[in-house]
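Work through the exercises below with the sequence and the model in view. Try each task before reading its solution.

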Amino acid sequence: MKTNNPALLAVLASVAIGALGMTASRAQEPSAPQRPAFYISEFAVTDPEGIKPYSAQVESTFEPFGGRYVVRGGQITLLEGEAPKGRIVMIAFPSMEKAQAWYHSPAYREIMPLRHRTATSRVFIVEGTAD
């Protein structure tokens, strides 16, 4: 279709430029903040000597996944319910995916039997809130 109407061409050009601008601005919008995840373990050591190799190696398995200790033992003050049966360990990760990737990693799977043989535990990963 051929047109000689400059006003119509100007309107069409403005709409096209606006649409391109909307697409570009959406591409630059920040994504939703990633939610951290926390590996939590409640465990009672049954073999203090046997757990030592696990304790010495475990940190090197989760650091590559962005993990860091938040709680590693320490005093517990019971406020309600039953007291934990042993120690509490909490490891923070940047995301649920990173926490699960660490837990299922070959490096951690290699030392996991040490913990199973030398302690009884309850272990889970919980997703945190976004900042």
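**Exercise 1.** Decide whether Ile125 counts as buried, partly exposed or exposed, and find what lies around this residue.

*Solution.* The model is a predicted one, and the first step is to place the residue, which is found in strand S4, spanning residues 119–127. The second step is to take its relative accessibility, which is 25%. Because buried means under 20% and exposed means over 50%, Ile125 falls in between and counts as partly exposed. The third step is to list its contacts, leaving aside the neighbours within four places in sequence: Ile125 touches Ala37, Phe38 and Tyr39, and also Met96, Ala99 and Gln100. As a last step, consider Ala92, which is 33 residues from Ile125 in sequence, while the C-alpha atoms of the two are 9.6 Å apart in space.

**Exercise 2.** Describe how helix H2 packs with helix H4, and say which residues meet.

*Solution.* Two packed helices are described by the angle between their axes and the distance between the axes. For H2 (residues 52–62) and H4 (residues 106–118), the angle is about 155 degrees and the axes lie 10 Å apart. Since angles over 145 degrees count as roughly antiparallel, H2 is roughly antiparallel to H4. The crossing of H2 with H4 is left-handed. On the H2 side the contact is formed by Pro53, Tyr54, Gln57, Val58 and Thr61, and on the H4 side by Ala107, Tyr108, Ile111, Leu114 and Arg115. Sorted by kind, the residues of this contact are seven nonpolar, two polar and one charged.

**Exercise 3.** Take Pro53 from that contact and state how exposed this residue is and how far it lies from Leu114.

*Solution.* Pro53 is found in helix H2, and its relative accessibility is 34%. As that value is between the limits of 20% and 50%, Pro53 counts as partly exposed. Along the chain Pro53 and Leu114 are 61 residues apart, yet their C-alpha atoms are separated by 7.7 Å.

**Exercise 4.** Set these details within the whole protein chain by giving its elements, its burial and its contacts.

*Solution.* The chain has four helices and four strands, which follow one another from the N terminus in the order α-β-α-β-β-α-α-β. Of its 131 residues, 24% count as buried, and the chain exposes about 9,200 Å², of which carbon and sulfur atoms supply 58%. Among contacts with a separation of 6 or more, 76% join residues 24 or more positions apart.

Terms used:
Residues are numbered from 1 along each chain as its sequence is written. This is a predicted model: local features need pLDDT of at least 70, side-chain atom pairs count only at pLDDT 80 or more; totals for chains, interfaces and linings use all residues. Side-chain values use heavy atoms; hydrogens and water are left out. Helices (H or I, at least four residues) and strands (E, at least two) are DSSP runs, numbered from the N terminus. Buried means under 20% relative accessible area, exposed over 50%, partly exposed in between (1.4 Å probe, protein chains only). Contact means heavy atoms within 4.5 Å. Accessible areas come from the Shrake-Rupley method with a 1.4 Å probe; for residues, only the protein chains shown count as cover. Axes are lines fitted to C-alpha atoms, for helices over the stretch in contact, and angles run from 0 to 180 degrees between N-to-C directions. Angles under 35 degrees count as roughly parallel, over 145 as roughly antiparallel, 65 to 115 as roughly perpendicular and the rest as oblique. A crossing is left-handed if the near helix is turned anticlockwise from the far one by less than a right angle, and right-handed if clockwise. Ala, Val, Leu, Ile, Met, Phe, Trp, Tyr, Cys and Pro count as nonpolar, Asp, Glu, Lys and Arg as charged, and the others, Gly among them, as polar.
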